[in-house]
Protein chains: 4
Amino acid sequence: MYSFANDYSEGAHPDILEALCKTNLEQLPGYGVDHYCQQASDLIANACGKYHPTVYFLAGGTQTNAVVISSMLRPYQGVICASTAHIAVHEAGAIEWTGHKVLPLPSTEGKISAPSVQSYLESFFDDPTHEHMVWPGMVYLSQPTEYGTLYSYSEMKSIYDVCRAFHIPLYIDGARLIYALESPANDISLEDMCELTDAFYIGGTKAGLLCGEAVVFPKKNTPAGFITMVKQKGAMMAKGRVLGIQFYSLFSGQLMHDIGKHGIDAAEKLKSVFHKHCIPFFLETPTNQQFVVLSRKQAARLSEQFVFERWEVLENDMCAYRFVTSWATDDEAIIALDRFLNTL
Amino acid sequence: MYSFANDYSEGAHPDILEALCKTNLEQLPGYGVDHYCQQASDLIANACGKYHPTVYFLAGGTQTNAVVISSMLRPYQGVICASTAHIAVHEAGAIEWTGHKVLPLPSTEGKISAPSVQSYLESFFDDPTHEHMVWPGMVYLSQPTEYGTLYSYSEMKSIYDVCRAFHIPLYIDGARLIYALESPANDISLEDMCELTDAFYIGGTKAGLLCGEAVVFPKKNTPAGFITMVKQKGAMMAKGRVLGIQFYSLFSGQLMHDIGKHGIDAAEKLKSVFHKHCIPFFLETPTNQQFVVLSRKQAARLSEQFVFERWEVLENDMCAYRFVTSWATDDEAIIALDRFLNTL
Amino acid sequence: MYSFANDYSEGAHPDILEALCKTNLEQLPGYGVDHYCQQASDLIANACGKYHPTVYFLAGGTQTNAVVISSMLRPYQGVICASTAHIAVHEAGAIEWTGHKVLPLPSTEGKISAPSVQSYLESFFDDPTHEHMVWPGMVYLSQPTEYGTLYSYSEMKSIYDVCRAFHIPLYIDGARLIYALESPANDISLEDMCELTDAFYIGGTKAGLLCGEAVVFPKKNTPAGFITMVKQKGAMMAKGRVLGIQFYSLFSGQLMHDIGKHGIDAAEKLKSVFHKHCIPFFLETPTNQQFVVLSRKQAARLSEQFVFERWEVLENDMCAYRFVTSWATDDEAIIALDRFLNTL
Amino acid sequence: MYSFANDYSEGAHPDILEALCKTNLEQLPGYGVDHYCQQASDLIANACGKYHPTVYFLAGGTQTNAVVISSMLRPYQGVICASTAHIAVHEAGAIEWTGHKVLPLPSTEGKISAPSVQSYLESFFDDPTHEHMVWPGMVYLSQPTEYGTLYSYSEMKSIYDVCRAFHIPLYIDGARLIYALESPANDISLEDMCELTDAFYIGGTKAGLLCGEAVVFPKKNTPAGFITMVKQKGAMMAKGRVLGIQFYSLFSGQLMHDIGKHGIDAAEKLKSVFHKHCIPFFLETPTNQQFVVLSRKQAARLSEQFVFERWEVLENDMCAYRFVTSWATDDEAIIALDRFLNTL
């Protein structure tokens, strides 16, 4: 069996695991104040060019979204996002649990647009009853989106400009940011992310770490009491070293680029294979998630040897299926898929 | 420098790290439904004798307390605990964040007693205004306590009897349970824990895992929707394997006993050293945390070579200091301490 | 100026105010345990025919929804409602503030249908990732809806049947229920409401009271600790008498019917006037809210003498406007409107 | 039966009820934007001398505390108060429900002192683990306290000075403020309240209104989105007029003074009667709550004709009982008590 189910099917990238092993018996203080956390922080800051962001390491993605969003909103505010956003669908109401409404906008291929955000904000403030409604207090985007698509620099800048005009922050969920950064289609660097957002996170879990996400506040704008809120929401690891060492390793040398590039290259090969076999795309993307259309029968056959997820039910017994590559995707898996598609 | 600061200064026990390394490239489903989680669950269930508990793996201790407590309480209820309980002091208000009041009772050496709990509950329900007050809806204990002390079987049973009489659950925070289980002074087995509680957790972080806690519902009493609440509070790891593999390893063979016993043996040696040098105890305990009284000057000298925590400020420039041992405590550290105390 | 802005523009119905005055100096216990609350409760129970519901009096509608919904849901559940539901739009996120997601379904004229609810529930439980999503844990309807429309007995029964099939409660927001009950188009009695729901409230504020809503649990199904949750959410009046006396008065004799009927009769007259002047309806309803289409210019002219609300912006400089009648609507206002429309 | 049970046993002061009656059929906008609310606001502002505070009218006291406190705290902060504070005991966990810990300090006769607050704050920030604890983010006092006692100008100023030194707000619960203002022992005017606090509320419910509390932000420091948070927590009345008209009436002419003075004068007479009969005081106070010590037998006899509350169980079958006077206390009740005590 070969798995294209997601980008967190394996443990850690071998280099990262090795770093954990090498440092294993070093005695370090807990809760993220060890020197590896500091060094990882510095490396990330360096990767952000002229910005000198503040960086925090949290244990997981749902937590990270909940902590960052609830620490940047006031109780009367909610968060604008795509209707397909992870926070709107697959985080079990984590944001509502913090007391804040999620305000979904219609989305296309996982994305929302600056005009749509602007129009929502204008309508809200024009509404004479808006004081009886949840105020939009932040915009949340995913880069890449849950559909593998990318915001361009100009798209993200337009949205950020709207945010600034309405004095609300822009926050980017970068669970798979590493794959965006290595996509040839991408024109937003980490430095640009600092320019265009008020906060974002660099996902570790999907980038070859056992766990961990790095929250970046680019403009000396860490919310007061942030550390305490991280602790309060259970997002602080006692062995903070686990996060520090892994991110230090990820940002040392070429590892981050290698990991991202491997995932993107594998995705390109995967796309070629689907094209070669004339498998229609539901959505062909520039990152590490690809969506193809298969009949249920085809899917059943394929799933004898491959793991992948059903994404959407279409008409005529057809469905959209998602295939994900990662740092760990083996050429062998893609070759096997090619071979198997011959028989389909 | 030798650290007695806590029991989470190192990474993972080498056997556990090895298990992570060996399984690293195996492709597994996420979110805790992999076979290692299942096997770890089974091993823990077996360790519980005649009980067949349900087991869940969560990422960290603060989360675990927040998830379990908020999933077992109704909105009008709070949780009774010792005034020194971790949830009352050092979890940054994580329980209040879920909407529930923490109801601290006066404690002695970290413990509360059945009569004190009973008296609180009786007074509450006798109070004609109790419908305007937070209802005590659960009792929380730590075993061992934050002060290293242990509840005996008979003490815990008395408290559990009170809980049953008032129809509220008893929940045990076992962040350091592994050290309780190996203490010669302990008379409560895992099977007894199942008998005497409605829920408890077996701490992994302080027992040689990188992270992770195992929640045990002993009586087919998992709250409805528990998995979703784990996800909602951000306590579910995407790479659930990280928890499954580590707990599987911990409960395989003798590892759990070895880890606990090493910590307890080290604590006994440490106590001997303090006794030998006539260092007075603030609290001498049967587990892996020891509290001694030193002058600030002595402490300053000691901290040139040893790491340990100030626990409480006492009179006459004296303070109580905590020394913690663990699976990782080296004899060399204790010998060095012995030698250094000669010079004090 | 004549106001058709809403059904809470005046103080209290004179009979209700008189009851408050008459009893004013009687010394009564606080917090809803006075004999008027008891008697009001009994009168409401009697009005529910063969059911013997439990009744609670709360201060306002937003609170009532928040208290009832949050007391009947578990933390992992949300509430299904129409996209136009009051809780989804105009309660400032009160439900999310209690930690629960609002799950809006597409609606027509303010209503959702049994098939739509059923399809949502089926899709949810069919979704293999549903444990990572907010569980639908209740259905919320308004009767009449925010658009003045009514659910028929058979429509409500179909929805209730779906709820029972999925073991989730049905809750009805009856802020304007009194006007539904007196509408000739209505075929759901209070007794039917008891049959077809798990909880509902009878609005007082829009029915001629200064304030107050009566929550009805028809099936001995009051959530445990309900009183304490009412207090906790600030929905309990210290002078509970204010609610008891008013509801006692409302349900004594014919007052409730008179109040409802006056509002409905006024609405019929209002509709006739609009028809006479060929003002097109955006939505003509069987209750006390009517929606007509006017050009902005017409609306501006009308608003020199009449108060009413813009409801929706339409095309070609036209808008939908809402006109509301109530127990207090004076024939004079309708005659004046008739006269004014001649000049438009 | 004569009731000394509390200061909310009757409806409204006749003048206030009359104001409600007179204005009853006036058509007014809802939600607190009517001209009575505006005028009441202006009158209160005028009563605050050189300050020009912003005033909001909320429905009840528990709500008011929850809304004000949660709107002024950040998620990582809690509120310091006396261990006997209403928010710590009798509001059913309303503050914790908003996610914030209540941080009780030991109190004497209902009061806490500036040194005690200062020492708590200093210890907190000295604690090296304070980032893992709930930050004290506000001080809450009651004036008068739940025990009828008063803070002097100098006491309140000292506490306010500590608050300012630590950059946290001081908030005063004035549920019975009207009785403090008329006490001969009081030296804090409304103007002083503006000087010495960041927010306070003037209780209406216990001052002869049917319901309602006036929140005062003295220093142009209304939290952003306050109105929306009032709505969100269900503390906004649809018929805002009910609050506006009553407070307008209360602050017109001498009514507020008359009401307060009547309560205080009645308390003085009550104290004389107890002194005359040598009934020992548990606490003799300068406001409208008096606490005496009676045997249970005496109390049982007295309760044949008088209503009053048991406050605390003392030794030797004695208890402390609370007797409350108000604007409505009749001389006849006090004469009857005098007469009855002769027979005790």
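In this predicted model, the contact between chains A and B draws 39 residues from chain A and 39 residues from chain B. On the side of chain A that touches chain B, the elements that give two or more residues are helix H1 (14-22), helix H3 (61-72), helix H5 (94-97), helix H10 (226-232) and helix H11 (241-251) of chain A. By residue class, that side of chain A comprises 18 nonpolar, 16 polar and five charged residues.

How the two partners are related can be read from their superposition: a rotation of 180°, accompanied by 0.0 Å of shift along its axis, lays chain A on chain B with an RMSD of 0.0 Å. This is the relation of a two-fold axis. The same surface serves both copies, in that 100% of the contact residues of chain A recur in chain B.

One of the helices that contribute to this contact, H1 of chain A, can be followed in further detail. Its buried residues are A:Ile16, A:Leu17, A:Ala19 and A:Leu20. These four residues lie on the same side of H1(A), because they cover an arc of only 155° around the axis. What do the buried residues of H1(A) pack against? Their partners are H11 of chain A together with helix H1 (14-22) of chain B, so that a helix of their own chain and a helix of the other chain are both involved.

A second pairing of copies concerns chains B and C. Chain C can be laid on chain B by a turn of 180° and a shift of 0.1 Å along the axis, with an RMSD of 0.0 Å. Within chain C, the C-alpha nearest that axis belongs to C:Arg74, and this atom is 4.2 Å from the axis. Here too the same surface serves both copies, since 100% of the contact residues of chain C recur in chain B.

Within a single chain, the packing of two helices can be examined in chain D. Two packed helices are described by the angle between their axes and the distance between the axes. For helix H2 (residues 35-47) and helix H11 (residues 241-251) of chain D, the axes come within 8 Å and cross at roughly 35°, and the crossing is left-handed. From H2(D), the contact is made by D:Tyr36, D:Cys37, D:Gln39, D:Ala40, D:Leu43, D:Ile44 and D:Ala47, while H11(D) supplies D:Arg241, D:Leu243, D:Gly244, D:Ile245, D:Phe247, D:Tyr248 and D:Phe251. Taken by class, the residues of this contact of H2(D) with H11(D) divide into 11 nonpolar, two polar and one charged.

Notes. Residues are numbered from 1 along each chain as its sequence is written. Chains are lettered from A and ligands numbered from 1 in the order in which they are written. This is a predicted model: local features need pLDDT of at least 70, side-chain atom pairs count only at pLDDT 80 or more; totals for chains, interfaces and linings use all residues. Two residues are in contact if their C-beta atoms, placed from the backbone, lie within 7 Å. Ala, Val, Leu, Ile, Met, Phe, Trp, Tyr, Cys and Pro count as nonpolar, Asp, Glu, Lys and Arg as charged, and the others, Gly among them, as polar. Copies are superposed by least squares on the C-alpha atoms of residues with pLDDT of at least 70 in both. A residue is buried if 20 or more other C-beta atoms lie within 10 Å of its own, exposed if 12 or fewer, and partly exposed in between; C-beta atoms are placed from the backbone. The arc is that of the directions from the helix axis to the C-beta atoms. Axes are lines fitted to C-alpha atoms, for helices over the stretch in contact, and angles run from 0 to 180 degrees between N-to-C directions. A crossing is left-handed if the near helix is turned anticlockwise from the far one by less than a right angle, and right-handed if clockwise.
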